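Biologist: I should like to learn how to read a protein model. May we go through it feature by feature?

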Amino acid sequence: MSKMNIEHPEFVYDSEDPEGFRAGMLRFGPQVGATRTGTSVYELPPGQAICPYHYEYGEEEWLLVLVGRPTLRTPDGLEELAPWDAVCFPEGPTGAHGLRNNTDETVRVLMYSTVSPTAVSVYPDSDKVGIWVENAEDKLILPRSSATDYFSGEA
């Protein structure tokens, strides 16, 4: 059995993340031997979000607020969360979510999800669809308007 103490996480920030989406992350599921579930701790500085508003097919996600009061956006609207609030985001449009820190203090949250080798994320605000698969060459993010007929291009 592997274990890891996450009381003082070392967050990784991606320098390519645009302003408004600069969250630190510690993805530790693989470090404790997880293969079918994923767990990450995120650090959200003031004014930052984890990712754009979205929902998924192929994965269910959970959120647990550890520190601070982030603002959660769901199809029902905006709600400020408090430490130890837990939320489940089911697959599909009813599970749409986005998390932003609208306060002056740093927020920390833990996110837990099932892990699937194939998943789809839908981004309603930008009208995009992301397709996530194990083969990096087949990963795509496309505008929905690029949809085509099933037999398009076939002889």
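Modeller: Let us begin with burial, bearing in mind that this model is predicted. A residue counts as buried when its relative accessible area is under 20%. In the protein chain, 34% of the 155 residues fall into that class.

Biologist: Is Ser-40 buried or exposed?

Modeller: Ser-40 has a relative accessibility of 5%, and therefore counts as buried, since buried means under 20%.

Biologist: Which residues does Ser-40 touch, leaving aside those up to four places away in sequence?

Modeller: Ser-40 touches Met-25, Leu-26, Arg-27 and Phe-28, together with Val-109, Leu-110 and Met-111. With Arg-27, the side chain of Ser-40 also makes a polar contact of 3.5 Å.

Biologist: In which element is Ser-40 found?

Modeller: Ser-40 belongs to strand β2, which covers residues 37-44. The protein chain as a whole has twelve strands and zero helices.

Biologist: How should I read contacts between residues that are far apart in sequence?

Modeller: One takes the contacts with a separation of 6 or more and asks what share joins residues 24 or more positions apart; in the protein chain this share is 59%.

Biologist: What does the radius of gyration say about the protein chain?

Modeller: The value is compared with that of a compact globule, which for 155 residues would be near 15 Å; the protein chain has 17 Å, which agrees. Along its principal axes, the C-alpha trace spans about 60 × 40 × 30 Å.

Biologist: How many positive and negative side chains are there?

Modeller: The protein chain carries 11 positive and 25 negative side chains, and the centres of the two sets are 3 Å apart.

Conventions:
Residues numbered from 1 in each chain as written. Predicted model: local features only at pLDDT ≥ 70, side-chain atom pairs only at ≥ 80, totals over all residues. Heavy atoms only, no water. Helix = DSSP H or I, 4+ residues; strand = E, 2+ residues; numbered from the N terminus. Buried < 20%, exposed > 50% of the residue type's maximum accessible area, 1.4 Å probe, protein only. Polar contact = N/O pair within 3.5 Å; in protein donor to acceptor, adjacent residues only side chain to side chain. Contact = heavy atoms within 4.5 Å. Rg over C-alpha atoms; globule rule 2.2 N^0.38 Å. Lys, Arg positive; Asp, Glu negative; His and termini not counted. Charge placed at Lys NZ, Arg CZ, Asp CG, Glu CD.
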